[in-house]
Amino acid sequence: MFKRSELDKRPPVQIFIDGVAVAARQGDTVSAALLASSCDARRSTAVSGALRLPYCMMGVCFDCLVTIDGVGNRQGCLVPVAEGMQIEIQKGKREIGK
Amino acid sequence: MRTDYDVAVVGGGLLGSAIAWGLGRLGRRVAVLDEGDITKRASRANFALVWVQSKGLGMPAYTVWTVQASQAWSRLASELKQQTDLDVSLQQNGGFHLTLGEDEFGQRAELVRRMHNQTGAADYKMEMLSASEVKKSLPLIGPEVSGGSYCPLDGHVNSLRTFRAFHTGFKAFSIDYLPERPVSAISQSGGEFRLTTPQAELRAAKIVLAAGNANQTLAPMVGLYAPMGPTRGQIVVTERTMPFLPHPLTTIRQTDEGTVMIGDSKEDELDDRALKHSISAVMTDRAQRMFPHLSRLNVVRSWAGIRVMPQDGFPIYDQSETHPGAFVACCHSGVTLASNHAFEIARMVAQGSLEPELVGAFSASRFGANGAANNSGY
(Lines give C-alpha, C1' and ligand atoms only; values in the text may rest on other atoms or scores of the structure.)
Protein backbone atom coordinates (compact mmCIF):
# COMPACT_ATOMS: atom_id res chain seq x y z
CA MET A 1 0.00 0.00 0.00
CA PHE A 2 2.65 2.47 1.06
CA LYS A 3 6.27 2.30 -0.02
CA ARG A 4 9.08 3.39 2.25
CA SER A 5 11.41 6.12 1.03
CA GLU A 6 14.88 4.96 0.15
CA LEU A 7 16.20 8.04 1.91
CA ASP A 8 14.86 6.68 5.22
CA LYS A 9 17.98 5.39 6.95
CA ARG A 10 16.46 4.73 10.38
CA PRO A 11 17.47 1.40 11.91
CA PRO A 12 15.03 -1.52 11.63
CA VAL A 13 12.85 -2.75 14.51
CA GLN A 14 11.37 -6.23 14.35
CA ILE A 15 7.70 -6.48 15.28
CA PHE A 16 5.16 -9.28 14.84
CA ILE A 17 1.80 -8.75 13.15
CA ASP A 18 -0.54 -11.64 13.92
CA GLY A 19 2.60 -13.71 14.52
CA VAL A 20 4.38 -12.76 11.29
CA ALA A 21 7.77 -11.04 11.67
CA VAL A 22 7.82 -7.61 10.03
CA ALA A 23 10.63 -5.06 9.78
CA ALA A 24 9.44 -1.66 10.99
CA ARG A 25 11.70 1.36 11.55
CA GLN A 26 12.71 3.01 14.76
CA GLY A 27 10.32 5.89 15.40
CA ASP A 28 7.39 4.37 13.51
CA THR A 29 4.07 4.37 15.24
CA VAL A 30 2.28 1.02 15.22
CA SER A 31 -0.20 2.43 12.70
CA ALA A 32 2.56 3.68 10.39
CA ALA A 33 4.28 0.30 10.59
CA LEU A 34 1.02 -1.49 9.79
CA LEU A 35 0.35 0.71 6.78
CA ALA A 36 3.92 0.30 5.51
CA SER A 37 3.80 -3.49 5.89
CA SER A 38 2.38 -5.81 3.28
CA CYS A 39 -0.04 -7.28 5.84
CA ASP A 40 -3.80 -6.91 5.68
CA ALA A 41 -4.08 -4.47 8.58
CA ARG A 42 -7.82 -3.87 8.37
CA ARG A 43 -9.59 -4.12 11.70
CA SER A 44 -13.36 -4.56 11.92
CA THR A 45 -15.53 -2.22 13.97
CA ALA A 46 -17.15 -3.21 17.25
CA VAL A 47 -20.83 -3.06 16.27
CA SER A 48 -21.33 -3.32 12.51
CA GLY A 49 -18.08 -5.12 11.72
CA ALA A 50 -17.15 -2.64 8.97
CA LEU A 51 -13.49 -2.84 7.87
CA ARG A 52 -11.28 0.11 8.79
CA LEU A 53 -7.68 1.32 8.55
CA PRO A 54 -5.87 4.01 10.55
CA TYR A 55 -7.18 7.36 9.37
CA CYS A 56 -6.28 10.55 11.21
CA MET A 57 -2.89 9.35 12.54
CA MET A 58 -3.08 11.87 15.39
CA GLY A 59 -5.16 10.25 18.10
CA VAL A 60 -8.56 11.63 17.25
CA CYS A 61 -10.55 9.20 15.11
CA PHE A 62 -9.98 5.89 16.93
CA ASP A 63 -10.04 4.01 13.64
CA CYS A 64 -6.56 2.56 14.36
CA LEU A 65 -7.66 0.47 17.37
CA VAL A 66 -5.45 -2.59 17.66
CA THR A 67 -4.31 -5.15 20.21
CA ILE A 68 -0.71 -4.50 21.32
CA ASP A 69 1.17 -6.94 23.55
CA GLY A 70 -2.12 -8.45 24.70
CA VAL A 71 -3.93 -5.20 25.44
CA GLY A 72 -6.95 -4.48 23.25
CA ASN A 73 -8.39 -1.20 21.94
CA ARG A 74 -5.06 0.64 21.87
CA GLN A 75 -4.67 3.56 19.50
CA GLY A 76 -1.91 2.35 17.19
CA CYS A 77 -1.16 5.85 15.94
CA LEU A 78 -0.06 6.95 19.41
CA VAL A 79 2.21 4.01 20.28
CA PRO A 80 5.82 3.80 18.98
CA VAL A 81 6.99 0.37 17.84
CA ALA A 82 9.41 -1.55 20.05
CA GLU A 83 11.59 -4.57 19.38
CA GLY A 84 9.62 -7.81 19.60
CA MET A 85 6.23 -6.07 19.92
CA GLN A 86 3.25 -8.40 19.33
CA ILE A 87 0.46 -6.75 17.36
CA GLU A 88 -2.89 -8.38 16.64
CA ILE A 89 -5.35 -6.93 14.17
CA GLN A 90 -8.48 -6.52 16.30
CA LYS A 91 -11.65 -7.95 14.87
CA GLY A 92 -14.72 -6.49 16.53
CA LYS A 93 -15.04 -5.62 20.21
CA ARG A 94 -12.19 -5.73 22.70
CA GLU A 95 -11.83 -9.28 23.96
CA ILE A 96 -12.27 -10.31 27.59
CA GLY A 97 -8.92 -10.28 29.37
CA LYS A 98 -7.19 -8.35 26.56
CA MET B 1 -50.57 22.24 13.61
CA ARG B 2 -53.99 22.20 15.24
CA THR B 3 -54.79 24.01 18.43
CA ASP B 4 -57.41 21.70 19.85
CA TYR B 5 -56.79 18.12 20.84
CA ASP B 6 -58.47 15.17 22.51
CA VAL B 7 -55.56 14.95 24.93
CA ALA B 8 -52.61 17.18 25.78
CA VAL B 9 -49.76 15.29 27.45
CA VAL B 10 -47.57 17.63 29.47
CA GLY B 11 -44.08 16.14 29.44
CA GLY B 12 -42.18 14.50 26.59
CA GLY B 13 -39.97 12.14 28.55
CA LEU B 14 -40.29 8.40 28.58
CA LEU B 15 -43.46 8.36 30.67
CA GLY B 16 -45.27 11.11 28.74
CA SER B 17 -44.13 9.59 25.45
CA ALA B 18 -45.42 6.14 26.37
CA ILE B 19 -48.85 7.48 27.34
CA ALA B 20 -49.04 9.75 24.27
CA TRP B 21 -48.04 6.87 21.98
CA GLY B 22 -50.66 4.67 23.62
CA LEU B 23 -53.33 7.33 23.09
CA GLY B 24 -52.30 7.78 19.45
CA ARG B 25 -52.53 4.01 19.06
CA LEU B 26 -56.17 4.27 20.13
CA GLY B 27 -56.83 6.91 17.48
CA ARG B 28 -56.86 9.97 19.75
CA ARG B 29 -55.63 13.37 18.58
CA VAL B 30 -52.72 14.04 20.90
CA ALA B 31 -50.27 16.88 21.55
CA VAL B 32 -47.12 16.40 23.61
CA LEU B 33 -45.87 19.57 25.26
CA ASP B 34 -42.20 19.36 26.13
CA GLU B 35 -39.53 21.68 27.43
CA GLY B 36 -36.23 22.37 25.67
CA ASP B 37 -32.80 20.80 25.51
CA ILE B 38 -31.47 22.32 28.73
CA THR B 39 -34.16 20.69 30.87
CA LYS B 40 -33.06 18.11 33.43
CA ARG B 41 -34.08 15.07 31.43
CA ALA B 42 -34.45 11.99 33.57
CA SER B 43 -35.32 9.92 30.51
CA ARG B 44 -31.80 10.29 29.18
CA ALA B 45 -30.09 9.44 32.46
CA ASN B 46 -31.72 6.12 33.26
CA PHE B 47 -30.12 2.71 33.63
CA ALA B 48 -32.55 0.90 31.28
CA LEU B 49 -33.53 -2.02 33.46
CA VAL B 50 -36.91 -3.69 33.09
CA TRP B 51 -36.80 -4.69 36.72
CA VAL B 52 -39.02 -6.60 39.09
CA GLN B 53 -36.98 -7.90 42.02
CA SER B 54 -37.23 -5.93 45.26
CA LYS B 55 -39.96 -3.62 43.90
CA GLY B 56 -42.98 -3.10 46.10
CA LEU B 57 -41.91 -3.79 49.65
CA GLY B 58 -44.58 -1.95 51.65
CA MET B 59 -47.03 -1.77 48.75
CA PRO B 60 -48.07 -5.13 47.29
CA ALA B 61 -50.06 -3.40 44.52
CA TYR B 62 -46.78 -2.04 43.15
CA THR B 63 -45.41 -5.56 42.90
CA VAL B 64 -48.47 -6.67 40.92
CA TRP B 65 -48.26 -3.59 38.67
CA THR B 66 -44.55 -4.16 38.05
CA VAL B 67 -44.98 -7.85 37.21
CA GLN B 68 -47.77 -6.94 34.79
CA ALA B 69 -45.51 -4.35 33.11
CA SER B 70 -42.68 -6.86 32.82
CA GLN B 71 -45.01 -9.35 31.16
CA ALA B 72 -46.42 -6.76 28.73
CA TRP B 73 -43.02 -5.47 27.62
CA SER B 74 -42.52 -8.00 24.82
CA ARG B 75 -45.80 -6.88 23.25
CA LEU B 76 -44.66 -3.25 23.43
CA ALA B 77 -41.30 -4.11 21.89
CA SER B 78 -42.89 -6.01 19.03
CA GLU B 79 -45.49 -3.30 18.31
CA LEU B 80 -42.73 -0.68 18.22
CA LYS B 81 -40.64 -2.87 15.92
CA GLN B 82 -43.57 -3.41 13.59
CA GLN B 83 -44.42 0.28 13.49
CA THR B 84 -40.96 1.88 13.39
CA ASP B 85 -38.60 -0.94 12.39
CA LEU B 86 -36.53 -0.07 15.48
CA ASP B 87 -35.41 -3.02 17.60
CA VAL B 88 -35.31 -1.90 21.24
CA SER B 89 -33.21 -4.97 22.17
CA LEU B 90 -35.46 -6.20 24.95
CA GLN B 91 -33.83 -9.03 26.88
CA GLN B 92 -35.77 -10.69 29.70
CA ASN B 93 -33.89 -13.79 30.75
CA GLY B 94 -33.61 -12.97 34.44
CA GLY B 95 -31.47 -10.57 36.46
CA PHE B 96 -29.10 -10.69 39.41
CA HIS B 97 -28.29 -8.54 42.39
CA LEU B 98 -24.80 -9.60 43.50
CA THR B 99 -23.46 -9.22 47.02
CA LEU B 100 -19.87 -8.72 48.20
CA GLY B 101 -19.03 -10.39 51.51
CA GLU B 102 -21.22 -12.23 53.98
CA ASP B 103 -22.89 -9.17 55.56
CA GLU B 104 -24.34 -8.03 52.26
CA PHE B 105 -25.48 -11.57 51.49
CA GLY B 106 -27.29 -11.73 54.83
CA GLN B 107 -28.97 -8.36 54.29
CA ARG B 108 -30.14 -9.33 50.82
CA ALA B 109 -31.46 -12.67 52.07
CA GLU B 110 -33.45 -10.79 54.71
CA LEU B 111 -34.97 -8.53 52.03
CA VAL B 112 -35.95 -11.55 49.94
CA ARG B 113 -37.54 -13.14 53.01
CA ARG B 114 -39.56 -10.00 53.76
CA MET B 115 -40.73 -9.78 50.12
CA HIS B 116 -41.94 -13.37 50.22
CA ASN B 117 -43.76 -12.80 53.51
CA GLN B 118 -45.58 -9.71 52.29
CA THR B 119 -49.28 -10.53 52.17
CA GLY B 120 -50.89 -10.15 48.80
CA ALA B 121 -47.63 -9.70 46.94
CA ALA B 122 -47.50 -11.38 43.57
CA ASP B 123 -45.15 -14.33 43.40
CA TYR B 124 -41.83 -12.89 42.41
CA LYS B 125 -39.84 -16.07 42.04
CA MET B 126 -36.98 -14.08 43.59
CA GLU B 127 -34.46 -16.36 45.28
CA MET B 128 -31.04 -16.25 46.90
CA LEU B 129 -28.20 -18.09 45.18
CA SER B 130 -24.79 -19.02 46.55
CA ALA B 131 -21.65 -17.80 44.82
CA SER B 132 -21.13 -21.18 43.17
CA GLU B 133 -24.70 -21.17 41.85
CA VAL B 134 -24.24 -17.60 40.54
CA LYS B 135 -21.02 -18.68 38.85
CA LYS B 136 -22.92 -21.15 36.66
CA SER B 137 -24.72 -18.22 35.01
CA LEU B 138 -22.00 -15.56 35.42
CA PRO B 139 -18.67 -17.42 35.11
CA LEU B 140 -16.48 -14.30 35.37
CA ILE B 141 -17.46 -13.23 38.92
CA GLY B 142 -14.60 -12.51 41.29
CA PRO B 143 -13.71 -14.26 44.56
CA GLU B 144 -15.33 -11.56 46.74
CA VAL B 145 -18.81 -12.26 45.37
CA SER B 146 -20.71 -14.03 48.14
CA GLY B 147 -23.78 -14.77 46.02
CA GLY B 148 -26.87 -12.78 45.28
CA SER B 149 -30.53 -12.71 44.49
CA TYR B 150 -31.98 -13.78 41.17
CA CYS B 151 -35.37 -13.10 39.63
CA PRO B 152 -36.32 -14.75 36.31
CA LEU B 153 -38.69 -11.88 35.42
CA ASP B 154 -35.93 -9.26 35.29
CA GLY B 155 -34.42 -7.87 32.13
CA HIS B 156 -33.21 -4.78 30.31
CA VAL B 157 -33.73 -2.86 27.10
CA ASN B 158 -32.10 -0.19 24.99
CA SER B 159 -33.92 2.74 26.59
CA LEU B 160 -32.68 5.49 24.30
CA ARG B 161 -33.83 3.48 21.29
CA THR B 162 -37.17 2.92 23.03
CA PHE B 163 -37.44 6.67 23.46
CA ARG B 164 -36.62 7.18 19.79
CA ALA B 165 -39.13 4.51 18.77
CA PHE B 166 -41.93 6.28 20.66
CA HIS B 167 -41.05 9.55 18.96
CA THR B 168 -40.86 7.87 15.57
CA GLY B 169 -44.26 6.35 16.35
CA PHE B 170 -45.64 9.84 17.09
CA LYS B 171 -45.32 10.68 13.40
CA ALA B 172 -47.14 7.54 12.30
CA PHE B 173 -49.97 8.33 14.75
CA SER B 174 -50.01 12.04 13.73
CA ILE B 175 -49.18 13.08 17.29
CA ASP B 176 -47.91 16.67 17.51
CA TYR B 177 -44.66 16.86 19.49
CA LEU B 178 -44.26 20.49 20.64
CA PRO B 179 -40.92 21.36 22.27
CA GLU B 180 -40.05 24.64 24.03
CA ARG B 181 -43.49 24.75 25.62
CA PRO B 182 -43.19 24.71 29.39
CA VAL B 183 -46.70 25.06 30.80
CA SER B 184 -47.11 27.98 33.19
CA ALA B 185 -50.86 27.88 33.80
CA ILE B 186 -53.81 25.57 33.22
CA SER B 187 -57.47 26.49 33.34
CA GLN B 188 -60.65 24.63 32.50
CA SER B 189 -63.78 26.21 31.05
CA GLY B 190 -66.55 25.06 28.78
CA GLY B 191 -65.42 21.46 28.95
CA GLU B 192 -61.91 22.09 27.73
CA PHE B 193 -58.52 22.77 29.22
CA ARG B 194 -56.43 25.78 28.22
CA LEU B 195 -52.70 25.47 28.69
CA THR B 196 -50.54 28.59 28.75
CA THR B 197 -47.11 28.23 27.11
CA PRO B 198 -44.58 30.83 25.89
CA GLN B 199 -45.54 30.08 22.29
CA ALA B 200 -49.34 29.97 22.28
CA GLU B 201 -52.32 28.77 24.22
CA LEU B 202 -53.26 25.18 23.53
CA ARG B 203 -56.67 23.62 24.09
CA ALA B 204 -57.52 20.02 24.83
CA ALA B 205 -60.47 18.05 26.16
CA LYS B 206 -58.24 16.12 28.56
CA ILE B 207 -54.78 16.59 29.98
CA VAL B 208 -52.21 14.18 31.37
CA LEU B 209 -49.53 15.67 33.60
CA ALA B 210 -46.42 13.59 32.93
CA ALA B 211 -43.75 16.18 33.64
CA GLY B 212 -41.70 14.17 36.11
CA ASN B 213 -40.60 16.12 39.15
CA ALA B 214 -42.35 19.23 37.73
CA ASN B 215 -45.68 17.50 38.34
CA GLN B 216 -45.32 18.76 41.88
CA THR B 217 -46.05 22.33 40.72
CA LEU B 218 -48.39 21.49 37.83
CA ALA B 219 -50.75 19.16 39.71
CA PRO B 220 -52.22 21.80 42.09
CA MET B 221 -53.31 23.86 39.05
CA VAL B 222 -56.01 21.26 38.40
CA GLY B 223 -56.82 20.06 41.90
CA LEU B 224 -54.28 17.23 41.96
CA TYR B 225 -51.42 16.43 44.32
CA ALA B 226 -48.05 14.96 43.37
CA PRO B 227 -45.44 15.24 46.14
CA MET B 228 -42.00 14.50 44.70
CA GLY B 229 -38.57 13.87 46.20
CA PRO B 230 -36.12 13.80 43.28
CA THR B 231 -32.73 12.15 43.66
CA ARG B 232 -29.52 12.19 41.67
CA GLY B 233 -27.68 9.25 40.17
CA GLN B 234 -24.36 8.71 38.43
CA ILE B 235 -23.48 6.29 35.67
CA VAL B 236 -20.10 5.21 34.30
CA VAL B 237 -19.81 3.64 30.82
CA THR B 238 -16.86 1.62 29.52
CA GLU B 239 -15.63 1.03 25.99
CA ARG B 240 -17.21 -1.83 24.08
CA THR B 241 -16.07 -5.30 24.93
CA MET B 242 -17.05 -8.80 23.89
CA PRO B 243 -20.27 -10.06 25.50
CA PHE B 244 -19.49 -11.41 28.98
CA LEU B 245 -22.62 -10.61 30.98
CA PRO B 246 -25.58 -12.69 29.80
CA HIS B 247 -27.87 -11.27 32.53
CA PRO B 248 -28.31 -7.69 33.76
CA LEU B 249 -27.47 -6.78 37.37
CA THR B 250 -29.00 -4.02 39.47
CA THR B 251 -25.75 -2.09 39.19
CA ILE B 252 -23.99 -3.44 36.08
CA ARG B 253 -25.30 -4.29 32.65
CA GLN B 254 -23.77 -4.83 29.24
CA THR B 255 -25.66 -3.16 26.42
CA ASP B 256 -26.58 -4.86 23.18
CA GLU B 257 -23.72 -2.99 21.51
CA GLY B 258 -21.08 -4.04 24.03
CA THR B 259 -20.56 -1.12 26.40
CA VAL B 260 -20.71 -1.83 30.13
CA MET B 261 -22.87 0.49 32.22
CA ILE B 262 -22.03 0.81 35.90
CA GLY B 263 -24.46 2.75 37.96
CA ASP B 264 -27.24 3.17 40.38
CA SER B 265 -25.86 5.58 42.88
CA LYS B 266 -28.57 7.45 44.73
CA GLU B 267 -27.81 10.92 46.06
CA ASP B 268 -29.89 13.63 47.64
CA GLU B 269 -28.11 16.45 45.84
CA LEU B 270 -29.94 17.94 42.85
CA ASP B 271 -27.18 19.65 40.87
CA ASP B 272 -26.57 17.42 37.85
CA ARG B 273 -23.85 19.55 36.22
CA ALA B 274 -20.80 17.89 37.73
CA LEU B 275 -19.72 14.40 38.69
CA LYS B 276 -18.67 13.40 42.17
CA HIS B 277 -15.60 11.27 41.62
CA SER B 278 -15.79 9.85 45.13
CA ILE B 279 -19.07 8.23 44.12
CA SER B 280 -17.83 7.02 40.72
CA ALA B 281 -14.84 5.52 42.55
CA VAL B 282 -17.02 3.43 44.84
CA MET B 283 -19.25 2.29 41.98
CA THR B 284 -16.36 1.24 39.77
CA ASP B 285 -14.49 -0.37 42.66
CA ARG B 286 -17.49 -2.54 43.47
CA ALA B 287 -17.97 -3.35 39.78
CA GLN B 288 -14.43 -4.64 39.39
CA ARG B 289 -14.64 -6.67 42.59
CA MET B 290 -17.71 -8.33 41.06
CA PHE B 291 -16.00 -8.80 37.68
CA PRO B 292 -12.20 -8.41 37.97
CA HIS B 293 -11.62 -8.26 34.21
CA LEU B 294 -13.48 -4.91 34.09
CA SER B 295 -10.39 -3.26 35.58
CA ARG B 296 -8.73 -3.51 32.17
CA LEU B 297 -11.39 -1.52 30.38
CA ASN B 298 -11.26 2.19 29.62
CA VAL B 299 -14.10 4.41 30.78
CA VAL B 300 -15.50 6.40 27.87
CA ARG B 301 -18.37 8.34 29.43
CA SER B 302 -19.87 9.18 32.77
CA TRP B 303 -22.68 11.43 33.82
CA ALA B 304 -24.94 12.53 36.61
CA GLY B 305 -28.68 12.74 36.12
CA ILE B 306 -31.72 13.70 38.12
CA ARG B 307 -34.24 10.97 38.73
CA VAL B 308 -37.97 11.33 39.00
CA MET B 309 -38.99 10.13 42.43
CA PRO B 310 -42.40 10.39 44.05
CA GLN B 311 -41.99 11.23 47.73
CA ASP B 312 -42.55 7.66 48.93
CA GLY B 313 -40.92 6.01 45.91
CA PHE B 314 -44.14 4.49 44.54
CA PRO B 315 -45.91 5.66 41.37
CA ILE B 316 -48.69 8.23 41.47
CA TYR B 317 -51.64 7.88 39.09
CA ASP B 318 -54.62 10.04 39.84
CA GLN B 319 -57.54 11.88 38.30
CA SER B 320 -58.92 15.23 39.39
CA GLU B 321 -62.28 15.52 41.08
CA THR B 322 -62.42 19.30 40.72
CA HIS B 323 -61.21 19.30 37.09
CA PRO B 324 -62.72 16.26 35.34
CA GLY B 325 -60.48 15.04 32.52
CA ALA B 326 -57.22 16.00 34.25
CA PHE B 327 -54.86 13.14 35.09
CA VAL B 328 -51.46 12.97 36.72
CA ALA B 329 -48.88 10.22 36.23
CA CYS B 330 -45.42 10.04 37.72
CA CYS B 331 -43.08 7.27 38.71
CA HIS B 332 -39.45 6.42 39.19
CA SER B 333 -39.36 3.38 36.91
CA GLY B 334 -40.35 4.90 33.58
CA VAL B 335 -38.55 2.18 31.62
CA THR B 336 -39.95 -0.82 33.48
CA LEU B 337 -43.48 0.57 33.51
CA ALA B 338 -43.47 1.88 29.91
CA SER B 339 -45.63 -1.01 28.73
CA ASN B 340 -48.29 -0.33 31.35
CA HIS B 341 -48.25 3.36 30.49
CA ALA B 342 -48.60 2.69 26.76
CA PHE B 343 -51.36 0.11 27.10
CA GLU B 344 -53.17 0.51 30.44
CA ILE B 345 -52.83 4.15 31.49
CA ALA B 346 -53.45 5.35 27.92
CA ARG B 347 -56.55 3.15 27.68
CA MET B 348 -57.95 4.49 30.97
CA VAL B 349 -57.25 8.11 30.00
CA ALA B 350 -58.97 7.53 26.67
CA GLN B 351 -62.04 6.11 28.39
CA GLY B 352 -62.04 9.00 30.84
CA SER B 353 -61.42 7.38 34.20
CA LEU B 354 -58.79 5.38 36.04
CA GLU B 355 -59.85 1.90 37.14
CA PRO B 356 -59.57 1.62 40.94
CA GLU B 357 -58.99 -2.13 40.88
CA LEU B 358 -55.93 -1.63 38.67
CA VAL B 359 -54.37 1.62 39.91
CA GLY B 360 -56.45 2.73 42.90
CA ALA B 361 -53.56 2.04 45.28
CA PHE B 362 -51.46 4.66 43.48
CA SER B 363 -53.77 7.60 44.18
CA ALA B 364 -52.07 10.52 45.91
CA SER B 365 -54.75 10.23 48.59
CA ARG B 366 -52.29 7.87 50.32
CA PHE B 367 -50.31 10.96 51.35
CA GLY B 368 -53.24 11.70 53.60
CA ALA B 369 -54.13 12.99 57.04
CA ASN B 370 -52.20 10.38 59.01
CA GLY B 371 -48.90 11.62 57.66
CA ALA B 372 -47.04 11.01 54.44
CA ALA B 373 -46.51 7.47 53.28
CA ASN B 374 -42.91 6.75 54.02
CA ASN B 375 -41.95 3.39 52.60
CA SER B 376 -39.48 3.33 49.80
CA GLY B 377 -40.76 1.73 46.66
CA TYR B 378 -37.44 2.18 45.02
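# Exercises on a predicted two-chain model

In chain B, strand E13 (residues 252-254) and E14(B) run antiparallel and are joined by 3 bridges. The model is predicted, and the exercises below start from this strand pair.

**Exercise 1. Describe the surroundings of E14(B): what links it to E13(B), which strand E12 residue is bridged to B:Gly263, and are its residues buried or exposed?**

Solution.
1. Begin with the link. E13(B) and E14(B) make a hairpin, with 5 residues between the two strands. In its turn, B:Gly258 has a positive phi of about 105°.
2. Next, take the bridge partners. B:Gln254 is bridged to B:Val260 of E14(B).
3. E14(B) also pairs with strand E12 (residues 231-238) of chain B, in the antiparallel sense and over 3 bridges. Here B:Ile235 has B:Gly263 of E14(B) as its bridge partner.
4. Finally, sort the side chain directions along strand E14 (residues 260-263) of chain B. B:Val260 and B:Ile262 point one way, B:Met261 and B:Gly263 the other way, and all are buried.

**Exercise 2. Classify the packing of H2(B) against H8(B): what is the angle, and which residues make the contact?**

Solution.
1. The axes of H2(B) and helix H8 (residues 338-351) of chain B are 7 Å apart, and the helices pack at an angle of about 85°.
2. Angles of 65 to 115 degrees count as roughly perpendicular, and therefore H2(B) and H8(B) are roughly perpendicular to each other.
3. H2(B) contributes B:Trp65, B:Gln68, B:Ala69, B:Ala72, B:Trp73, B:Arg75 and B:Leu76 to the contact, while H8(B) contributes B:Ala338, B:Ser339, B:Asn340, B:Ala342 and B:Phe343.
4. Sorted by class, the contact of H2(B) with H8(B) holds 8 nonpolar, 3 polar and 1 charged residues.

**Exercise 3. Repeat the analysis for H2(B) and H5(B): at what angle do the axes cross, and is the crossing left-handed or right-handed?**

Solution.
1. Helix H2 (residues 60-84) of chain B and helix H5 (residues 159-172) of chain B have axes that come within 10 Å and cross at roughly 55°.
2. This angle makes H2(B) oblique to H5(B).
3. The crossing of H2(B) and H5(B) is left-handed.
4. On the H2(B) side the contact is made by B:Leu80, B:Gln83 and B:Thr84, and on the H5(B) side by B:Ala165, B:Thr168, B:Gly169 and B:Ala172.
5. The class count for the contact of H2(B) with H5(B) is 3 nonpolar, 4 polar and no charged residues.

**Exercise 4. Set out the sheet in chain A: what is the strand order, and which strands are at the edges?**

Solution.
1. The order is E2-E1-E7-E5-E6 (chain A), an open sheet of 5 strands with mixed pairing.
2. Strand E2 (20-25) and strand E6 (71-75) of chain A each pair on one side only, and these are the edge strands.
3. On average, neighbouring strands of the sheet are turned by 40° against each other, direction ignored.
4. As an example of one pair, strand E1 (residues 12-17) and strand E7 (residues 86-88) of chain A are joined in the parallel sense over 2 bridges. A:Ile17 has A:Ile87 of E7(A) as its bridge partner.

**Exercise 5. Assess B:Gln311: why does it count as partly exposed?**

Solution.
1. B:Gln311 is in the loop between strand E15 (299-307) and strand E16 (316-319) of chain B.
2. B:Gln311 counts as partly exposed because it has 17 C-beta neighbours inside 10 Å.
3. From C-alpha to C-alpha, B:Gln311 and B:Asn213 are 10.0 Å apart in space, and they are 98 residues apart in sequence.

Methods: Residues numbered from 1 in each chain as written. Chains lettered and ligands numbered in written order. Predicted model: local features only at pLDDT ≥ 70, side-chain atom pairs only at ≥ 80, totals over all residues. Axes fitted to C-alpha atoms, helices over the stretch in contact; angles between N-to-C directions. Helix = DSSP H or I, 4+ residues; strand = E, 2+ residues; numbered from the N terminus. Parallel < 35°, antiparallel > 145°, perpendicular 65-115°, else oblique. Left-handed = near helix turned anticlockwise from the far one by under 90°. Contact = placed C-beta atoms within 7 Å. Nonpolar A, V, L, I, M, F, W, Y, C, P; charged D, E, K, R; others polar. Buried ≥ 20, exposed ≤ 12 C-beta atoms within 10 Å, placed from the backbone. Pairing = 2+ DSSP bridges.
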